[in-house]
Structure formats: structure tokens, C-alpha cells
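Here is a set of questions and answers to read alongside the model. Keep the structure open as you go.

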Amino acid sequence: MNRNPIIPFVLIMVFGIGLMFLLSFKGLGDAKEIAEQEEGGTEATEEVASDNPEEIYQQTCASCHGNQYEGGFGPKLDDVGSRLSQEELKEILVNGQGTGMPGGLVPGKEDLMAEWLAGLK
């Protein structure tokens, strides 16, 4: 009883090619849906952010610095007002700091956020 050793490789190849075609057609269908979301999605991202610094913090900063300023991925902010001046805070908000803190997270609201953060003690 000799079995042909090539048959398993041919079956795997046929299965792989079939899977590739199936996923390609799936991707083509999803591409249309993604394009429609991008066209309609620009309206939702253009809404103006709040002028309340606490709300801005919860939307853009709390994921790294914690809901209660306790830190997490980013450093704790509950005493940042005693460590950094308002100008230093604004500089960090505009340009970022190191590899963990990106700049430009609150465009146009840097002065407001720097003043608010300087008041945290």
C-alpha cells in the first residue's frame, strides 16, 4: 500500500487558493462599505469640542492619565500644576513629550487646557 506523498500538499494548496479567492471577494464587498462610512464619517468628526476642560480631558487624556488623574500609561497629573508652569504645559500639549505623549491632541484648546492643568494641585 503505497500512498502518494504529494496529495496532502496538493490539497493544502487547493484549499489555500480557494481561501484566498473567498477572502478577496469578502474584502471587495467590505471596501465599498468602508468607503461609504468614510464619506459619511467626516461630518461626525467635524463637531466642535467642548470648552469645558474636564470634558476635553475625559475625551482625549483620561485613557492614558486616568479618570482621576492618577496615571496609568501616562504619568499622574494630580500635582502637575506644582511641578510645571502653564507655559511648559502648553509646550507639551502642542509638541508632545518623548515617545509616549503625542502633540496636537487638543488643537486650538492648548491655552485652556494648560491653564486648567496648572490649577490641578
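Q: In this predicted model, which helix gives the largest share of the lining of the largest pocket?
A: The model is predicted, not experimental. Three helices give two or more residues to the lining of the largest pocket: α3 (62-65), α4 (80-83) and α5 (86-95). The largest share is three residues, and the helix that gives it is α5.

Q: How much space lies in the largest pocket?
A: The pocket is lined by 21 residues. H65, P75, L77, I92 and M101 lie nearest its centre. The space in this pocket is about 380 Å³.

Q: How many residues of the lining of the largest pocket are nonpolar, polar and charged?
A: The lining has 21 residues to divide. Two are charged and five are polar. The nonpolar residues number 14.

Q: Is H65 buried or exposed?
A: H65 sits in helix α3. Buried means under 20% relative accessible area. H65 has 11%, so H65 counts as buried.

Q: Which residues is H65 in contact with, leaving aside its neighbours within four places in sequence?
A: H65 is among the residues nearest the centre of the largest pocket, as are P75, L77 and M101. H65 is in contact with those three residues. The full set of contacts is Y57, E70, G71, G74, P75, L77 and M101.

Q: Which residue other than glycine has a positive phi near 65°, and is it buried or exposed?
A: The residue is found in the loop between α3 and α4. Its relative accessible area is 15%, so it is buried. The residue with this phi is Y69.

Q: Which element gives the largest share of the largest nonpolar core?
A: The core has 16 residues. The elements that give two or more residues to the core are α2, α5 and α6. Five residues make up the largest share, and they come from α6.

Q: Which members of the largest nonpolar core touch the most other members?
A: Helix α6 (residues 110-118) has M113, W116 and L117 among its buried residues. These three touch the most other core members, together with one further residue. The four are Y57, M113, W116 and L117.

Q: What covers the buried residues of α6?
A: The buried residues of α6 are E110, M113, A114, W116, L117 and A118. M113 touches P53, I56, Y57, L93 and V106, not counting residues up to four places away in sequence. The cover over the buried residues of α6 includes α2 (53-60), α4 and α5.

Q: What separates the C-alpha atoms of K109 and I56?
A: K109 lies in the loop between α5 and α6. K109 and I56 are 53 residues apart along the chain. Their C-alpha atoms are separated by 8.9 Å.

Q: Which residue forms a salt bridge with K109?
A: The closest N and O atoms of the pair are 2.4 Å apart. K109 lies in the loop between α5 and α6 and its partner in the loop between α1 and α2, so the pair ties together parts that are 58 residues apart in sequence. K109 counts as buried at 16% relative accessibility, while the partner counts as exposed at 55%. The partner is D51.

Q: Which residue forms a salt bridge with D111?
A: D111 lies in helix α6 and its partner in helix α5, so the pair ties together parts that are 21 residues apart in sequence. D111 counts as partly exposed at 47% relative accessibility, and the partner counts as partly exposed at 33%. The closest N and O atoms are 2.9 Å apart. The partner is K90.

Q: Where do D30 and K26 lie?
A: D30 and K26 form a salt bridge, with the closest N and O atoms 3.2 Å apart. D30 is partly exposed at 30%, whereas K26 counts as exposed at 52%. The two are four residues apart, about one turn of the helix, and both lie in α1 (residues 7-45).

Q: How many salt bridges does the structure hold?
A: One pairs D30 with K26. Another pairs K109 with D51, and D111 pairs with K90. The number of salt bridges is three.

Note on methods. Residues are numbered from 1 along each chain as its sequence is written. This is a predicted model: local features need pLDDT of at least 70, side-chain atom pairs count only at pLDDT 80 or more; totals for chains, interfaces and linings use all residues. Side-chain values use heavy atoms; hydrogens and water are left out. On a 1 Å grid over the protein atoms alone, a cavity is a set of points where a 1.4 Å probe fits but cannot get out, and a pocket is an open set with protein on both sides within 12 Å along at least five of seven lines; lining residues have an atom within 4 Å of a point. Grid points are joined across faces, edges and corners, and a volume is the space filled by probe spheres set on the points. Ala, Val, Leu, Ile, Met, Phe, Trp, Tyr, Cys and Pro count as nonpolar, Asp, Glu, Lys and Arg as charged, and the others, Gly among them, as polar. Buried means under 20% relative accessible area, exposed over 50%, partly exposed in between (1.4 Å probe, protein chains only). Contact means heavy atoms within 4.5 Å. A nonpolar core is a set of buried Ala, Val, Leu, Ile, Met, Phe, Trp, Tyr and Cys residues joined through side-chain atoms within 4.5 Å. A salt bridge is a side-chain nitrogen of Lys or Arg within 4 Å of a carboxyl oxygen of Asp or Glu.
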